[in-house]
Amino acid sequence: MGKQRLSVALVGVGGYGQAHLQTLFALEGEGHFELTDVVEPYPERVPPASVERLREMKVRWHRSWEELEALGEFPNCVLLALPISLHAEYARRAYERGAWVYLEKPPVPLLKELEALVEMEGEAPRIQVGFQFFHSQQMRALREWLAEGRLGKITQYRLSACRPRSDAYYARAPWAGRLLCDGRVVLDGPVTNALAHGVQDIFAIEAAACGEISVPVEVSAELYRSRPMESYDVASLHGAFASGAKFAIALSHGAAQALPPVFEIEGTAGRVELFGDTKELRASFTTERVAAGEPNMVLSFREFFRCARKGERPRPGLAECRPFVAMTNAMLLASGGIHDIPGGMVQRIPTPEGLMRDVAGLGEFSRRAVAGNQTFSEAGAPWGRAGGTLALDASLISRMERYLQLKGSGL
């Protein structure tokens, strides 16, 4: 790209768009871009300090995408911090206007949508997905260790966490906690949204270990809801890659107290752990501990702008997200839908953040499930309901379409 200073539009300034905006403010002094436009139909949802700073910077404020498209010169880069159900449409619209696109995670809810976007990009990929840990110091060190053979052949991934979310969290937006919203697929939940970073990290590490993007060959799954909602807030699944490596995941919002995350990777020659919320990297074969440096979003944005300036393929792109989207579609089908946890197994606990749901033994069964490569029912949870196993083959898209047709999606 000929321009040394990129023009940038941020679409969505309320909600998680604030994280995007603050990161742009932090990087502003590096001189690689200029924030020229924001799109936000509800300025009253934006903190006054942010509104004032945008005004001081003379950033143009648009209340609709159409206003942005009406500009004589479309911005070089578009950052999309939109509801999940709108990701596919606006990633396409921004790309077709020639922009480089930073698409907040999860990329899209459906494999069909992802494949359509990949086909659109063809040999000219310009979309980066906001899985930030890809650019972290820990991931860079882990890639080096894998290249050096210090883990040997990876045999197992384990990921678990309970992140409390109140009923107020699910009331914050019309799409929150929804499977479908306004005829579009959302599939909101801990695996597919709030805790999706850790899930994508598994696929990024497997790709680094194998030298290629690897979609799991099969997945077993169970999805549950602990509160009156359309989608799920409690999930367990396990599966395997063609390499022989297995993975076990248990993620949920149905607990009143947080369960610190467990992220373990076992190999034939060594074991590593991404410890706690900060994902400090610890290994069995060294006393070295690799901690976060600059915020991952800063690193991710900086790399995005570098790729836009140089005309290079941004990563993680849509292709790197194919395993994530394929697996999240497969887990819904393997589970046989989303199952209610019986009310007698769920406590309602008032907190300053709002009413929490606390599923009986959820923390213990989460640990047990990932340790044993099991789902919750296999781990003995009394509220468990056995799911099934699904192969991730060429029929996945059509199976998902049939399932959603039954749910009234209109697909």
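**Helix packing, nonpolar cores and backbone features of the predicted model**

In helix α1, the buried residues (buried meaning under 20% relative accessible area with a 1.4 Å probe and protein chains only) are G17, Q18, H20, L21, T23, L24, F25 and L27. The structure is a predicted model, in which local features need pLDDT of at least 70 and side-chain atom pairs count only at pLDDT 80 or more, while totals for chains, interfaces and linings use all residues. Residues are numbered from 1 along each chain as its sequence is written, and side-chain values use heavy atoms, with hydrogens and water left out. Helices (DSSP runs of H or I, at least four residues) and strands (runs of E, at least two) are numbered from the N terminus.

Because eight of the eleven residues of α1 (residues 17-27) are buried, this helix is largely enclosed by the rest of the structure. Its buried residues pack against the strands β1 (6-11), β2 (33-39), β4 (77-80) and β5 (100-103), and also against the helices α2 (48-56) and α10 (296-310).

Helix α9 (residues 196-210) packs with helix α11 (residues 322-335) at an angle of about 120°, their axes lying 9 Å apart; axes are lines fitted to C-alpha atoms over the stretch in contact, and angles run from 0 to 180 degrees between N-to-C directions. The contact (heavy atoms within 4.5 Å) is formed by A196, V199, Q200 and F203 of α9 together with P323, F324 and M327 of α11.

The largest nonpolar core, defined as a set of buried Ala, Val, Leu, Ile, Met, Phe, Trp, Tyr and Cys residues joined through side-chain atoms within 4.5 Å, has 85 residues, and those with the most contacts inside it are L142 and M327. Helix α11 gives the most to this core, with nine residues. When residues up to four places away in sequence are not counted, M327 touches V191, V199, F203, P216, V219, L237, F247, I249 and L392. Another core, of 26 residues, lies apart from the largest one and includes L6, V8, L10 and C77.

Two cis peptide bonds were examined. One joins K105 and P106, with omega of about -15°, and P106 lies in the loop between β5 and α5 (111-121). Another joins R315 and P316, with omega of about -5°, and P316 is found in the loop between α10 and α11.

Positive phi values also occur in loops. L187, although not a glycine, has a positive phi of about 55° and is found between β9 (184-185) and α8 (190-194); at 1% relative accessibility, L187 counts as buried. For K279, also a residue other than glycine, phi is near 55°. K279 is placed in the loop between β14 (271-275) and β15 (280-283), and at 16% relative accessibility it counts as buried.

Note on methods. Buried means under 20% relative accessible area, exposed over 50%, partly exposed in between (1.4 Å probe, protein chains only).
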